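Here's a quick walk through the two ligand sites, written for someone who likes to start from contacts. Have the viewer open as you read.

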Amino acid sequence: MNDAEQTLDEALAVFDFGAPEAAVGRFGRGHVNDTFCVRPVSPQGRCFILQRLSAAAFRRPDQVMVNVIGVTEYLREKIAAAGGDPSRETLEVLRTRSGAGWYTDRLGGVWRAFPFIRDACSLPAAGTPEVFAASGRAFGRFQRLMDGYPAGALYETIPRFHDTVDRLAKLRTAAAADPLGRAGSCAAELTFALEREGDCSVALDAHRRGELPLRVTHNDAKLDNVLFDTRTGEAVCVIDLDTVMPGLAINDFGDSIRSGANRCAEDERDQSRVRLDVELFAAYTAAFLEGAGGILTPAEIEYLPWGARLMTLECGIRFLTDYLEGDVYFRTERPGQNLDRARTQFTLVRDMEARWKELNAIVRTAGGI
Ligand code: ADP
Ligand code: GN1
Ligand code: MG
């Protein structure tokens with residue numbers, strides 16, 4: 001048994017899954033954490049999600065867990081008060097047999113478990129405007145539910161997470177160091193990113209001028225981080241709460257658009273297939289505003305298209321940086337995957353730039369500004 005298998009076995013023994021497990025297998029499409037599904041022998045038994053937090057992403061996984069426990073307990077109360085079902089509409093951190101919220105293995109890996117949310121799944125693509133709108137309502141509602149959460153209680157789990165200026169600086173450093181000699185293979189992509197240096201500070205500058213308030217935001221609002229009810233198609237639960245931190249609402253909107261308002265995979269190899277789908281964009285915008293229930297200011301609404309453009313640019317910058325650094329942050333299944341991911345993001349940015357007026361008009365109409 002190798003170290004990874006041994007620590008998985010250790011973690012399995014630490015949590016009380018209530019019944020002997022029949023199978024434990026890798027699960028989901030997340031790029032960061034190691035996710036397993038724990039299935040019981042009896043088909044009537046409960047399934048669980050068991051995760052090892054990414055050491056590359058989180059320097060203090062214990063602080064991530066303090067945040068996640070605080071946020072889920074708060075959401076539980078809010079959802080119950082609104083007449084919802086907290087056991088389906090938010091995550092629940094499963095305690096270890098000794099009552100702890102997480103487990104640290106002998107190699108320092110941090111593990112946590114959640115009851116599996118039944119009859120729900122994440123989707124690789126939005127498919128229809130109705131489905132994408134459902135995710136928009138869910139993220140808008142998340143924004144509204146978190147409106148009263150004490151921001152000071154949250155640790156910054158990844159410093160400068162959505163500081164696009166800093167992300168560009170890190171790309172520059174990676175390209176200059178070029179540890180694997182890959183810079184030559186992505187010269188056009190590097191130029192694309194560096195030419196947009198002026199854009200990188202647009203949201204941060206608006207925040208500094210007092211136009212965009214800090215809120216408690218999700219910060220990883222991609223389509224994959226919403227579970228949909230397999231029977232009704234409605235969005236049930238916003239998951240992946242590791243980056244809930246003070247942030248900008250436009251970034252959550254933007255991450256969703258980046259990941260869902262297109263008809264191609266995030267790592268599409270054929271760039272001629274990559275386009276922003278304006279119908280999906282419009283459906284998400286209306287639903288996100290509906291879910292947010294009027295908490296967003298006119299300035300935040302005005303800047304939503306910038307959220308989309310910047311989150312897409314920033315994510316492309318991050319994929320490209322990771323490609324240059326040797327694919328150490330985002331999980332890859334094939335060589336060149338992070339470069340393909342970066343290219344797709346940049347093609348989407350170019351398309352957003354070309355349709356800029358149209359996107360702004362859609363947002364103004366939906367937001368009534
Ligand atoms: P990562 O940070 O690596 O993206 P996530 O927390 O998003 O990890 O989990 C990866 C995937 O596992 C999700 O996209 C989802 O499909 C599934 N998942 C996570 N938590 C649950 C849960 N409680 N119930 C059902 N599925 C879940
Ligand atoms: C990661 O963890 P996951 O797969 O939901 C990443 C996001 C990126 C996204 C790109 C903590 O999200 O920031 O936008 O990949 N999460 C973290 O698909 O870095
Ligand atoms: Mg995820």
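Which residue has an N or O atom in its side chain 3.4 Å from an oxygen atom of ligand 2? That's Arg-258. Bear in mind throughout that this is a predicted model.

## Ligand 2: polar contacts

Arg-258 has company. The side chain of Lys-222 puts an N or O atom 2.8 Å from an oxygen atom of ligand 2. His-31 joins in through its backbone, with an N or O atom 2.8 Å from an oxygen atom of ligand 2. As for cover, ligand 2 taken alone exposes 440 Å², and the protein buries 98% of that.

## Ligand 2: the shell

There are 18 residues around ligand 2, and the ones that come nearest are His-31, Lys-222, Glu-266, Arg-318 and Tyr-329. So His-31 and Lys-222 turn up both among these nearest residues and in the polar contacts, by the cut-off of 3.5 Å for a pair of N or O atoms. Sorted by type, the shell holds eight nonpolar, four polar and six charged residues.

Helix H12 (residues 304–325) supplies the largest share of that shell, with three residues. Both domain 1 (3–116) and domain 2 (129–367) give residues to the shell, so ligand 2 lies between them. The space that ligand 2 takes is the largest pocket.

## Ligand 1: polar contacts

Over to the other ligand. Two backbones reach its nitrogen atoms: a polar backbone atom of Ile-117 is 2.9 Å from a nitrogen atom of ligand 1, and a backbone N or O atom of Pro-115 lies 3.2 Å from a nitrogen atom of ligand 1. Asp-240 uses its side chain instead, with a polar atom 2.9 Å from an oxygen atom of ligand 1. Taken alone, ligand 1 exposes 550 Å², of which the protein buries 96%.

## Ligand 1: the shell

What surrounds ligand 1? Its 19 neighbours include Asn-33, Gln-51, Ile-117, Ser-122 and Asp-240, which come nearest. By type, the shell around ligand 1 splits into 10 nonpolar, seven polar and two charged residues.

On the secondary-structure side, strand E3 (48–52) and strand E5 (110–115) each put at least two residues into the shell around ligand 1. Domain 1 (3–116) and domain 2 (129–367) each contribute at least three residues to the shell around ligand 1. And where does ligand 1 sit? In the largest pocket, which is also the space taken by ligand 2.

Conventions:
Residues numbered from 1 in each chain as written. Chains lettered and ligands numbered in written order. Predicted model: local features only at pLDDT ≥ 70, side-chain atom pairs only at ≥ 80, totals over all residues. Heavy atoms only, no water. Near = heavy atom within 4 Å. Polar contact = N/O pair within 3.5 Å; in protein donor to acceptor, adjacent residues only side chain to side chain. Areas by Shrake-Rupley, 256 points an atom, 1.4 Å probe, with all protein chains shown as cover. 1 Å grid on protein atoms, 1.4 Å probe; cavity = no way out; pocket = protein on both sides within 12 Å on 5 of 7 lines; lining within 4 Å. Sits in = over half its atoms within 2 Å of the grid points. Helix = DSSP H or I, 4+ residues; strand = E, 2+ residues; numbered from the N terminus. Nonpolar A, V, L, I, M, F, W, Y, C, P; charged D, E, K, R; others polar. Domains from an automatic or database assignment.
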